[in-house]
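Hi everyone, thanks for coming along. I'd like to walk you through one structure today, going from a few single residues out to the sheet and the helices around it. Have a look at it first, and then I'll start.

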Amino acid sequence: MAILDGKVALVTGAGRGHGEAVAVRFAEEGAAVAVCDIIPVDELEGRVGERIRAAGGEVLCSRSDVSKEEPVRKLVQETIDRFGTIDILVNVVGIAGPTKDVWQMSLAEWQETLAVNLDSAFLGCKYALPEMIRKRYGRVINFSSGSGKQPLSHRTPYTTSKMGILGFTRTLAADVGRYNITVNAICPGSHEERSVELERARAEYRGEAFDEEGLRRRYREPRLNAVLAGRWCGDEGYVEKGAGSEEAAAIAVFLASDEAASMTGQDINSGGWVMW
């Protein structure tokens, strides 16, 4: 018997990276999975839906902008209509936002980042929690970032949203524990596409050329001097080994399972980039 047999999960931002890895791992562990992203449904089906079916899972793919209320309400209802309930909500969706200083960015840029990264988690919980409360069972897993615990220069909206996720997680955990619902957060390592986005934006901010192919090559090639928590011994010649989407997905499986039934209000780092 797989660890998530009979469970129904809704995973946002599942078109790539952490969300994709979580959705596929959940399916491998026996869950039926509803996934959404802003990419076209046929693309989401081809990229993620087929992987879930290949793992023997049931899947519902939707195109949805989860920063807006009505699409989220509809997404949750469609999931319940299709699978009968929702046991697990994983709020992964997020954008990098602008790489600018506060005095250079527009209010619209600030608000968009917070809407996608923070409002989406609020809305997902607003509409999924009534079903979890009704049956006195649920797992909510929010994705924050190592940047939710420390500064990230020139990226104020992003770090603000990710720090907000931690406060949201802790307070919501206190509010819904009486209903046998746990709420936890994952601060994951990087994934390739997000790293490319961030480094391109930083290069533009500095007015420097961006070597995308070189970055992708370094991301994929093994580094002989890479170790866990390498950033803490950089002066000894080590580089960060880090942790990617698969490690984050493994943490999500644990938090979604009955093995973590009494674990709530926590934020878990993957890799060794942050140790608090």
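Asparagine 180 sits in the loop that runs between α5 and β6. Please keep in mind that this is a predicted model. What stands out here is the backbone: asparagine 180 has a positive phi of about 65°, although it is not a glycine. For context, most residues other than glycine have a negative phi. As for its surroundings, asparagine 180 has a relative accessibility of 41%, so it counts as partly exposed.

There is another residue of this kind, alanine 229. Its phi is near 60°, again a positive value in a residue other than glycine. You'll find alanine 229 in the loop between β7 (226-227) and β8 (239-240). Is alanine 229 buried or exposed? Its relative accessibility is 13%, and because buried means under 20%, alanine 229 counts as buried.

Let's go back to β6, the strand that follows the loop of asparagine 180. Strand β6 covers residues 181-187, and seven of its seven residues are buried. Which residues point which way from β6? Ile181, Val183, Ala185 and Cys187 point to one side, while Thr182, Asn184 and Ile186 point to the other, and all of them are buried.

Now, who are the partners of β6? Strands of a sheet pair through backbone hydrogen bonds, either parallel or antiparallel. Here β5 and β6 run parallel, joined by six bridges. If you want a place to find the register, glycine 138 stands opposite isoleucine 181 in β6. One strand further over, β4 (residues 88-91) pairs with β5 (residues 138-143), also in the parallel sense, over four bridges. There the register can be read from isoleucine 88, which stands opposite arginine 139 in β5.

Zooming out, these strands belong to an open sheet of seven strands with parallel pairing, in the order β3-β2-β1-β4-β5-β6-β9. At the edges are β3 (59-63) and β9 (267-269), each of which pairs on one side only. From one strand to the next, the twist averages 15°.

Two loops deserve a stop. Glycine 146 lies in the loop between β5 and α5 (156-176). At 6% relative accessibility, glycine 146 counts as buried. What is glycine 146 in contact with, leaving aside its neighbours within four places in sequence? The list is Cys187, Pro188, Trp273 and Val274, and Cys187 is one of the β6 residues we met a moment ago. The C-alpha atoms of glycine 146 and glycine 271 are separated by 9.8 Å, with the two residues 125 residues apart along the chain.

The other loop is between β3 and α3, and serine 64 is found there. With a relative accessibility of 8%, serine 64 counts as buried too. Not counting residues up to four places away in sequence, serine 64 touches Cys36, Asp37, Ile38, Pro71, Val72 and Leu75.

That brings us to the helices. Helix α3 (residues 69-83) lies across β1 (8-11), β2 and β3, and runs at about 160° to β3. Helix α2 (residues 41-54) lies across β2 (32-37) and β3, with an angle to β3 of about 160° as well.

For helix pairs, the usual description is the angle between the axes and the distance between the axes. Take α1 and α2: they pack at an angle of about 20°, with their axes 8 Å apart. That makes α1 roughly parallel to α2, and their crossing is right-handed. On the α1 side the contact involves Glu20, Ala23, Val24 and Ala27, which meet Arg47, Val48, Arg51 and Ile52 in α2. By type, that contact has five nonpolar, no polar and three charged residues.

How do α1 and α8 cross? The axes of helix α1 (residues 17-28) and helix α8 (residues 245-256) come within 8 Å and cross at roughly 50°. The two helices are therefore oblique to each other, and this crossing is right-handed. Gly17, His18, Ala21, Val22, Arg25 and Phe26 in α1 meet a set of α8 residues, among them Ser245, Glu246, Ala249 and Val253. The residues of this contact divide into nine nonpolar, three polar and two charged.

That's my tour, and I'm happy to go back to any part of it.

Definitions and conventions
Residues numbered from 1 in each chain as written. Predicted model: local features only at pLDDT ≥ 70, side-chain atom pairs only at ≥ 80, totals over all residues. Heavy atoms only, no water. Axes fitted to C-alpha atoms, helices over the stretch in contact; angles between N-to-C directions. Parallel < 35°, antiparallel > 145°, perpendicular 65-115°, else oblique. Left-handed = near helix turned anticlockwise from the far one by under 90°. Contact = heavy atoms within 4.5 Å. Nonpolar A, V, L, I, M, F, W, Y, C, P; charged D, E, K, R; others polar. Pairing = 2+ DSSP bridges. Buried < 20%, exposed > 50% of the residue type's maximum accessible area, 1.4 Å probe, protein only.
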